[in-house]
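Got the viewer open? Grab the selection tool and follow along, one stop after another.

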Amino acid sequence: MEREEGEGELDGLHTLAIVLLLFAALKLLYLLGLMDTEDKNDDDLEMTMVIHRPEGLDQLEAQTNFNKKELQVLYRGFKNECPSGVVNEDTFKQIYSQFFPHGDASTYAHYLFNAFDSEHNGSIKFEDFVTALSILLRGSTREKLQWTFNLYDINRDGYINKEEMMDIVRAIYDMMGKYTYPALRTDTPRQHVDAFFQKMDKNKDGVVTLDEFILSCQEDENIMRSLQLFENVI
Amino acid sequence: MASGVAAWLPFARAAAIGWMPVANCPMPIAPRDHSKRKDELIILNVSGRRFQTWRTTLERYPDTLLGSSEKEFFYNEEAKEYFFDRDPDAFRSVLNFYRTGKLHYPRYECISAYDEELAFFGIIPEIIGDCCYEEYKDRKRENAERLMDDQEENKDAKLPNMTFRETMWRAFENPHTSTMALVFYYVTGFFIAISVITNVVETVPCGYKSQKDVPCGERYTVAFFCMDTACVMIFTVEYLLRLFAAPSRYRFMRSVMSIIDVVAILPYYIGLVMTDNEDVSGAFVTLRVFRVFRIFKFSRHSQGLRILGYTLKSCASELGFLLFSLTMAIIIFATVMFYAEKGSSSSKFTSIPASFWYTIVTMTTLGYGDMVPKTIAGKIFGSICSLSGVLVIALPVPVIVSNFSRIYHQNQRADKRRAQKVQKARLARIRIAKKGSTTAYLQTKRNGLLNELLDLTASEVEQQHLNKTSSLLESQHHHLLHCLEKTTGHEFVDEQLFEQNCLEGALQPYRSHSRTPSASSQDGPTGTCCSRRSKRGSTPVPNASQPHMLTHTLPQSPGLQELSAINIQCAEQQLHGSSRSNLNMQTNEVDRRNTRQQQQQVTTAIISVQTPSTGSSASDEDHDHGLGLPSVVTTASSNVIKVSAL
């Protein structure tokens, strides 16, 4: 009898020991793996509150084609929407999408963001913003076309191939949304891209280089005319 | 268009240069900034306190007082400022809305005063930012309730011309309305109490009979039976009267109170029906249990009881969580205790379910002591069990308590239901406002086209009529959207139009999908509009670009031919020889369509189609939706421009 009771006690203590070991292992796991991530989150939060101040007004005026007054207006609008002085991609997408309530402008905004973000660090400063605007609104035709080429050349290899163009055109069509007339068909973007390549690809090698692009655009009256469309935007 | 991103519109328009090489068609002309004013500071004098801001800041929201020309009414010439005789404190939030794009509700402000200010300045309160919206809605609800309470007190005055049935129903629902109702109310309450007490006393042992304790029920059977019968009579009569008086009998029968009534009186009738059979008497005894439900009839008489019931219902999720966590804990601890106590002899923990009882008793800190652990491990786990029991039970309880107190204080049954409706209404309004921007574009487009038409005919009078002064910002934004349309060659349409076009498209046989611009493909499907096709013949068409044509047909205009000159044809596309012949065909088609439609509409046939293979304008017009659009467009708008088919 006593031996049985003693064994019973031992069994119970075994159970207790196992449970304690389990808790210890969990705690160890926490200390090693899981606990780190919690701290990391806090660090991340602190990092995002970076504030950026642009260069002086005079310098910007020298670098771009805007005068002081225009720069003032631009900066006020910029700072109003992004008080921290930099635009990150999400904010950019949000802002751009507000102009196109019908469809989904986020893909095209992504490409635009990459085109604006000259340093490719994931944020647009006021200088980037103003430089790009200066090219688009006050630059020469060649500069504008070059900028557009950069926009289309997603991987920045100097060539536009069909896939890149498909992405861009699809992104543009996404902005139209669902309710269009006539109804969008699945092969509409492809048609558009084929037409584009037909026009632009002079030597028919399947890619469009910068020179081909500029040459073809200069031949097209409509494009030339439309490039001048936004000159008096500011 | 939304908020402070007005400042980014120049950027969005500049970025549109990215579309230009892709587009095949010429872009529309940009609106010119006629009033090229330099941005100036505006002084807003609100009851003596001067606020200053840029003019463009205010113009961000052109549909409010400060953003539109309505503020000119308040312009003070001598002081060169805008004077408003309003509360300057509330004006702070209004002005901040223009600056930041977010409307905030200051807590110190009275809700009705704030509402008035917003209404004055033309701002809808639904756009209050999420940070302040809850507070705003809560305050508004409280205010509304206060008003309603005041109204309800007046409502008790008896309305004339109420039928007998309505009077009775009102008497049942509000006992204070008449003396009869009050009497009825107390009588039923009294009988409920009697019935409950009878049921209780029935089981008390009174006296002896053959050396055995006999409950009073069996001793004075007849008396109790009479009492029971009387109570049930009263309840039955009451139920039937309520049923008769109820405005919607079906709804009444489904309500909780009526079900309680039925359940309360049913056992008696079942008992009457059933004989003193040995087999069924067991079930009969069970039925008697339901007699205790009569006590729930008291909830009609007590507001607090109803609120308690409602609280429990509304805290269902917290109660569910409590139950679930308790179950989890019970199972865990019961298992642990069973295995811990397994070794000990004469242990009461014979199985895990048997340990459940111990766990529950310990966790709720009851501690009956009928089952106690004997081993050391069992005692350790037992103490952990009781400590954790306190925690697990204590967690959801404050939530339930606070819920109850909130509901009790506000004294509202339909609180949550009303809140949900408000939330839906708010979202609906915001959605409508957002949709306003999309429909605004479509609207302006129609108006814009009409403007173009009238520009050409140079009829001054009509021009002035239709020249809507939309703000420059709006016109620039619409121009941007127009450029996008031109780039892709498709147009924005309404949801309804889209569905309609889809339907029409589905009805018509699907044509010209093949890529080969062969003759046969063009002749292809024999739709209802075959005749046109055959007329056209079959000319292979280069795949290159697609034509876009803008055909304006005008009422009293002499020749369609002349207007066809407006056709903004897309580049280098030679169709069927001369463009003139094309136009002729166009004319005839439009002609035929007009007669076929038999309607008077503006036929601004925007036949811009990017069809897969056939780039010809011919196939463009084959699309019946081609005319579907204009016909519906104008039925949507209320323009009265009639088109006479030429």
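Start by selecting Asp194(A) and Lys162(A): their side chains meet in a salt bridge, 3.4 Å from N to O. Keep in mind as you look around that this is a predicted model. Color helix 9 (residues 188–200) of chain A, where Asp194(A) sits, and helix 8 (residues 162–176) of chain A, home of Lys162(A); the pair therefore ties together parts 32 residues apart in sequence. Are these two buried or exposed? Somewhere in between: Asp194(A) is partly exposed at 21% relative accessible area, and Lys162(A) is partly exposed at 32%.

Next, hop over to chain B and pick Arg141(B) and Asp138(B), whose side chains form a salt bridge at 2.8 Å, N to O. Both belong to helix 5 (residues 130–155) of chain B, three residues apart, or about one turn of the helix. Arg141(B) is partly exposed, with 24% relative accessible area, and so is Asp138(B), at 33%.

Now for Glu238(B) and Arg300(B), another salt bridge, this one at 3.9 Å, N to O. Here the link joins distant parts of the chain, 62 residues apart: Glu238(B) is in helix 9 (residues 221–245) of chain B, while Arg300(B) is in the loop between helix 12 (278–289) and helix 13 (303–314) of chain B. Glu238(B) is buried at 4% relative accessible area, and Arg300(B) also counts as buried, at 19%. Add Arg242(B), Asp261(B) and Lys297(B) to your selection, and you have one network with Glu238(B) and Arg300(B), joined by salt bridges that share partners.

Stay on Asp261(B) for a moment. You'll find Asp261(B) in helix 11 (residues 256–273) of chain B, buried at 3% relative accessibility. Its side chain makes a polar contact of 3.2 Å with the side chain of Arg300(B). Setting aside neighbours within four places in sequence, Asp261(B) touches Tyr239(B), Lys297(B) and Arg300(B).

Zoom out to see where the chains meet: 82 residues of chain B contact 70 residues of chain A. About 6,600 Å² is buried between them, with carbon and sulfur atoms giving 68%. On the chain B side, select Trp8(B), Phe11(B) and Ile17(B), which lose the most area to chain A, together 12% of what that side buries. How many salt bridges cross this interface? Zero, by the rule used.

Last stop: strand 4 (residues 180–181) of chain A pairs with strand 7 of chain B in the antiparallel sense, over two bridges. Select Thr180(A), and you'll see Phe492(B) standing opposite in strand 7 of chain B.

How values were computed. Residues are numbered from 1 along each chain as its sequence is written. Chains are lettered from A and ligands numbered from 1 in the order in which they are written. This is a predicted model: local features need pLDDT of at least 70, side-chain atom pairs count only at pLDDT 80 or more; totals for chains, interfaces and linings use all residues. Side-chain values use heavy atoms; hydrogens and water are left out. Contact means heavy atoms within 4.5 Å. Buried area is the accessible area (1.4 Å probe) that two parts lose on being put together, summed over both. A salt bridge is a side-chain nitrogen of Lys or Arg within 4 Å of a carboxyl oxygen of Asp or Glu. Two strands pair if DSSP finds at least two bridges between them. Helices (H or I, at least four residues) and strands (E, at least two) are DSSP runs, numbered from the N terminus. Buried means under 20% relative accessible area, exposed over 50%, partly exposed in between (1.4 Å probe, protein chains only). A polar contact is a pair of N or O atoms within 3.5 Å; within protein, one must be able to donate a hydrogen and the other to accept it, and residues adjacent in sequence count only if both atoms are side-chain atoms.
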